[in-house]
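Work through the following exercises with the structure open beside you, and try each task before reading its solution.

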Amino acid sequence: MTTGGKLFAALAALAAAGCSGPEAPDAALCRDVIHRLCIAPRCDSVENGLSPGDDCEGTLQGRTGCGDDAFSFGTPNRARFIDCRATLVRGGVDPDAHPACEDVDAMFTKCPELTGFFKGAP
Amino acid sequence: MLTAICCTSFGCVRVNHEVRVEKGPVLRAYEREVLAGESGVSAAVAVAWPKVTLSFARFDRCRQERVEEVVEETITESFAPSAGPAFTLGMLGVASGGALLGFRGSFSDQPNTRVIDETGHYGPSARTIATGWSVVLLSVGVPALVTGVVGLAQSGEHVDRRKVEQLASAMEHPCHEAPVDGEVELVRIKGEGPGSLRVATSGGKVTFTADQLSELRLASVRMNGALVLFPEEEAAKFEAFLSCSEAIPVPSPAGLSEMGEEALVARYNSARACGSVAGEVGEQAAAALGAEIQRRRAGRPGPTVREGPRPRSLEDARAMYRPTLVLAEGSRDVAALSDPESLAGTAAQIRGTLVQQVAENILVVKVGTAELLVFVPPDATFGVPPANGAELEAIGVVVGTQVLEEKARPLIRAAWIQ
């Protein structure tokens with residue numbers, strides 16, 4: 001890549017990095033993670049660990065309360081949830097891209113409290 | 001900001017310059033004389049037989065220069081190779097960035113709720129993305145545009161005209177001539193008589209009589225130690241006077257008849273120059289000497305040559321005489337003919353062209369640029385080439401010098417001619 005090309009790419013990356021919208025609500029954030037976990041084929045850690053059934057997203061939203069737009073994080077809190085989610089989206093933030101099962105396993109290993117969260121534990 | 005971009009762009013623009021010089025028509029031409037140094041002494045010769053007057057003049061060397069004034073154009077062509085691409089890129093960047101920025105209001109301001117990034121934020125709105133890209137495009141486009149404009153502004157042709165002088169020709173000649181006095185020294189050739197003749201000039205002139213110069217074998221003329229230069233025409237006159245002074249006065253008839261052949265011919269040759277410097281006296285002297293030579297030749301049947309063996313063919317003659325001289329075109333031996341007396345008695349092989357048959361027994365043969373006389377003995381058993389221009393080969397013996405039709409040439413007695 002030429003010097004001009006590198007400069008252009010750096011400027012583009014800077015512009016992209018500086019460009020983001022407002023904070024997503026807690027409910028939207030929670031539903032985003034549930035959507036990713038439920039994309040077929042579901043990983044073993046989801047299938048066996050959370051037992052979501054056929055209506056995976058509906059089941060998990062029901063258990064967590066994310067289906068309600070007024071939902072807000074308790075335990076784990078928002079910051080912790082975002083930190084745990086970062087492991088899940090390290091392959092990309094495209095909501096329709098199937099996450100790697102290694103990343104799903106890593107998220108549950110890093111954040112074991114999420115298993116209880118998605119099982120509906122208080 | 002814009003100032004910084006402009007300053008940076010000026011520094012980035014690489015401008016190539018090509019300079020060429022062209023000369024226009026001649027505006028005017030003039031001549032001038034400049035001193036070239038090296039002064040010297042020259043002499044002019046005036047002959048009033050039997051006297052010669054040398055007039056000496058000091059001179060400088062001047063150079064006559066012809067100078068032409070012409071218009072010289074120094075043309076500087078500047079061009080920035082990167083200006084065009086930079087201008088194009090800049091225009092595209094600024095146009096598209098400006099358009100995005102100008103029409104940013106047309107884009108939705110709603111964030112992209114479909115995507116949530118790693119930090120938990122929604123994706124940027126279309127307006128934010130357009131604004132970001134417009135900044136990027138303008139950041140690239142504006143400097144490129146400025147660079148291109150600067151480069152194009154600096155490209156072009158600049159012509160400087162000035163008037164210059166150029167030397168068209170130069171010729172050196174003596175100048176500032178003025179009479180000069182001093183001690184004139186006529187330097188003799190070494191070993192030729194007593195020492196040099198020294199005389200002081202008066203009014204830049206000195207006069208000699210023919211008697212004073214008659215025995216002089218002159219090597220050079222000097223004034224106050226410096227060599228005196230004789231222009232070609234003056235040198236010819238002085239040489240003629242010196243030559244003539246050796247011939248005049250002509251001895252009495254009795255004295256002439258006592259002179260040796262060689263001395264007579266030498267004196268006659270000296271007298272041939274007298275016509276131009278001694279007028280009638282000189283012509284009479286040459287005529288008297290010439291007449292004595294003719295008288296002597298008329299008194300004998302032909303050149304005095306020794307009888308030699310009688311060959312019967314060219315090969316026979318070559319075997320008998322064993323020639324050591326080869327007189328043919330390109331041969332080095334031809335140069336030795338300038339002094340035939342020193343070659344007297346030497347056998348020679350001749351290859352040349354018959355130029356003329358003088359009387360019955362003298363042939364004029366041309367060998368290269370030299371001419372020689374070939375004496376055919378009256379009792380020769382070989383034939384003579386029938387026509388002028390015929391190539392001939394001969395074996396013979398050098399006899400000496402023979403004056404014929406007022407020309408002294410080497411004489412060779414033929415043993416065989418083919």
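A residue is called buried if 20 or more other C-beta atoms lie within 10 Å of its own, exposed if 12 or fewer do, and partly exposed in between. The model used throughout is a predicted one.

**Exercise 1. Determine how B:His176 and B:Asn224 are classed by burial, and state what their backbones have that calls for a second look.**

Solution. Begin with the place of each residue: B:His176 is found in strand β5 (residues 156–179) of chain B, while B:Asn224 lies in the loop between β9 (218–223) and β10 (226–229) of chain B. Next, apply the cut-offs. B:His176 counts as partly exposed because it has 13 C-beta neighbours inside 10 Å, and B:Asn224 is likewise partly exposed because 13 C-beta neighbours lie inside 10 Å of it. Finally, look at the backbone: B:His176 has a positive phi of about 50 degrees although it is not a glycine, and B:Asn224, also not a glycine, has a positive phi of about 50 degrees.

**Exercise 2. Decide whether B:Gly90 is buried or exposed, and find which residues it touches.**

Solution. The residue sits in helix α2 (residues 83–102) of chain B. Its count of C-beta neighbours inside 10 Å is 21, and therefore B:Gly90 is buried. Leaving aside residues up to four places away in sequence, B:Gly90 touches B:Gly141, B:Val142, B:Ala144, B:Leu145, B:Thr147 and B:Gly148. For one of these, the separation can be given in two ways: B:Gly90 and B:Gly141 are 51 residues apart in sequence, yet 4.0 Å apart in space from C-alpha to C-alpha.

**Exercise 3. Describe how α2(A) and α4(A) meet, and which face of α4(A) is covered.**

Solution. Take the geometry to begin with: the axes of α2 (residues 26–38) and α4 (residues 56–64) of chain A come within 9 Å and cross at roughly 145 degrees, and the crossing is right-handed. From α2(A), the contact draws on A:Cys30, A:Arg31, A:Ile34, A:His35 and A:Cys38, and from α4(A) on A:Cys56, A:Glu57, A:Leu60, A:Gln61 and A:Thr64. Sorted by class, this contact has five nonpolar, three polar and two charged residues.

Now turn to burial. In α4(A), the buried residues are A:Cys56, A:Leu60, A:Gln61 and A:Thr64. They fall within an arc of 120 degrees when seen down the axis of α4(A), so they line one face of the helix. The general background is that an α-helix has 3.6 residues a turn, so residues three or four places apart point the same way. The buried residues of α4(A) pack against α2, α3 (44–50) and α7 (113–118) of chain A. Just after the helix, A:Gly65 takes a positive phi of about 90 degrees.

**Exercise 4. Carry out the corresponding analysis for the buried residues of α7(B).**

Solution. Within helix α7 (residues 261–271) of chain B, the buried residues are B:Leu264, B:Arg267, B:Tyr268, B:Ser270 and B:Ala271. Because they cover an arc of only 160 degrees around the axis, they are on the same side of α7(B). Their cover includes α5 (232–247), α8 (274–298) and β15 (391–404) of chain B.

**Exercise 5. Find where the cis peptide bonds before A:Pro76 and B:Pro249 lie.**

Solution. In chain A, the bond from A:Thr75 to A:Pro76 is cis, with omega near -10 degrees, and A:Pro76 lies in the loop between α4 and α5 (78–88). In chain B, the cis bond joins B:Ile248 and B:Pro249, with omega about 5 degrees, and B:Pro249 lies in the loop between α5 and α6 (253–258).

**Exercise 6. Describe the side of chain B that touches chain A, and then the confidence of the model.**

Solution. The contact takes 22 residues from chain B and 20 residues from chain A. On the side of chain B, the elements giving two or more residues are β3 (112–116), β4 (122–123) and α3 (126–154), and α3(B) supplies the largest share, eight residues. By class, that side has ten nonpolar, nine polar and three charged residues.

As for confidence, the model scores ipTM 0.83 and pTM 0.41. Mean pLDDT is 84 for chain A and 83 for chain B. Within chain A, confidence is lowest in helix α1 (residues 3–17), at a mean of 57, and highest in α2(A), at 92. In chain B, pLDDT stays under 50 over residues 302–306. Where pLDDT is low, the predicted coordinates should not be read in detail.

Notes. Residues are numbered from 1 along each chain as its sequence is written. Chains are lettered from A and ligands numbered from 1 in the order in which they are written. This is a predicted model: local features need pLDDT of at least 70, side-chain atom pairs count only at pLDDT 80 or more; totals for chains, interfaces and linings use all residues. Two residues are in contact if their C-beta atoms, placed from the backbone, lie within 7 Å. Helices (H or I, at least four residues) and strands (E, at least two) are DSSP runs, numbered from the N terminus. Ala, Val, Leu, Ile, Met, Phe, Trp, Tyr, Cys and Pro count as nonpolar, Asp, Glu, Lys and Arg as charged, and the others, Gly among them, as polar. Axes are lines fitted to C-alpha atoms, for helices over the stretch in contact, and angles run from 0 to 180 degrees between N-to-C directions. A crossing is left-handed if the near helix is turned anticlockwise from the far one by less than a right angle, and right-handed if clockwise. pLDDT is the predictor's confidence in each residue, from 0 to 100. The arc is that of the directions from the helix axis to the C-beta atoms.
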